[in-house]
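Hi everyone, thanks for coming. Let me put the structure up on the screen, and then we'll walk through some charged pairs and one polar side chain.

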Amino acid sequence: MDEFCLNIDSRYECVLDAAEKLLAVLEQNNVEEHIKNAFNICLTEAANNVIKHGYKEEPGREITIKFRKEGDYLTLEIIDEGIPRPNLDIPELEFDPDDIDNLPESGMGLYIIKQLMDEVNYFSINGRNYFILKKSVS
């Protein structure tokens, strides 16, 4: 599997397009359905978080999406130059999934990403933020 790299604008509709392109790459490489779904959800959640929190919904800012196979792992990297997160505290949410009227109002995206991926890392270097997600395929 070759590295997939895509630069998108900081608009929500661009995230949808990027997710569709990533799904096409995964399908071409016969990736299992549950892994394709996990990456689709995680890319969408992470890129939308960049737009909302990192870029404050300002269009015209760049988000780089990289995807590659590294040994037994598929790796998704989301890179931006928005406001860096002070940390990657992912809350341990306690809720009843059957009680949709009382779901938590924030933190769900990172919580879902943590549940779907095997490794989640975040760091900032020289004004660039790197959100790296890994999923085992073995």
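Here's a starter for you: is Lys134 buried, partly exposed or exposed? Lys134 turns out to be partly exposed, at a relative accessible area of 22%. Please keep in mind that this is a predicted model.

Let's stay with that lysine. Lys134 forms a salt bridge with Glu70, with 3.5 Å between the closest N and O atoms. This pair links distant parts of the chain, since Lys134 sits in strand E5 and Glu70 in strand E2, 64 residues apart. Glu70 is partly exposed too, with a relative accessible area of 30%. Both residues also belong to a network of salt bridges that takes in Glu3, Arg68 and Glu77.

Next, another pair that involves strand E5. Arg128 bridges to Glu81, and here the closest N and O atoms are 2.9 Å apart. Again, distant parts of the chain are linked: Arg128 is in strand E5, while Glu81 is in the loop between strand E3 and helix H3, 47 residues away. Arg128 is partly exposed at 25%, and Glu81 is partly exposed at 45%.

Now, one for the polar side chain fans. Asn129, also in strand E5, has a relative accessible area of 2%, so it counts as buried. What does its side chain make a polar contact with? The partner is the side chain of Ser124, at 2.5 Å. Asn129 also touches Glu81, Tyr122 and Phe123, among others.

To close, the whole structure has eleven salt bridges, including one between Glu13 and Arg11 at 2.8 Å. Thanks, everyone!

How values were computed
Residues are numbered from 1 along each chain as its sequence is written. This is a predicted model: local features need pLDDT of at least 70, side-chain atom pairs count only at pLDDT 80 or more; totals for chains, interfaces and linings use all residues. Side-chain values use heavy atoms; hydrogens and water are left out. Helices (H or I, at least four residues) and strands (E, at least two) are DSSP runs, numbered from the N terminus. Buried means under 20% relative accessible area, exposed over 50%, partly exposed in between (1.4 Å probe, protein chains only). A polar contact is a pair of N or O atoms within 3.5 Å; within protein, one must be able to donate a hydrogen and the other to accept it, and residues adjacent in sequence count only if both atoms are side-chain atoms. Contact means heavy atoms within 4.5 Å. A salt bridge is a side-chain nitrogen of Lys or Arg within 4 Å of a carboxyl oxygen of Asp or Glu. Lists of a residue's contacts leave out its neighbours within four places in sequence.
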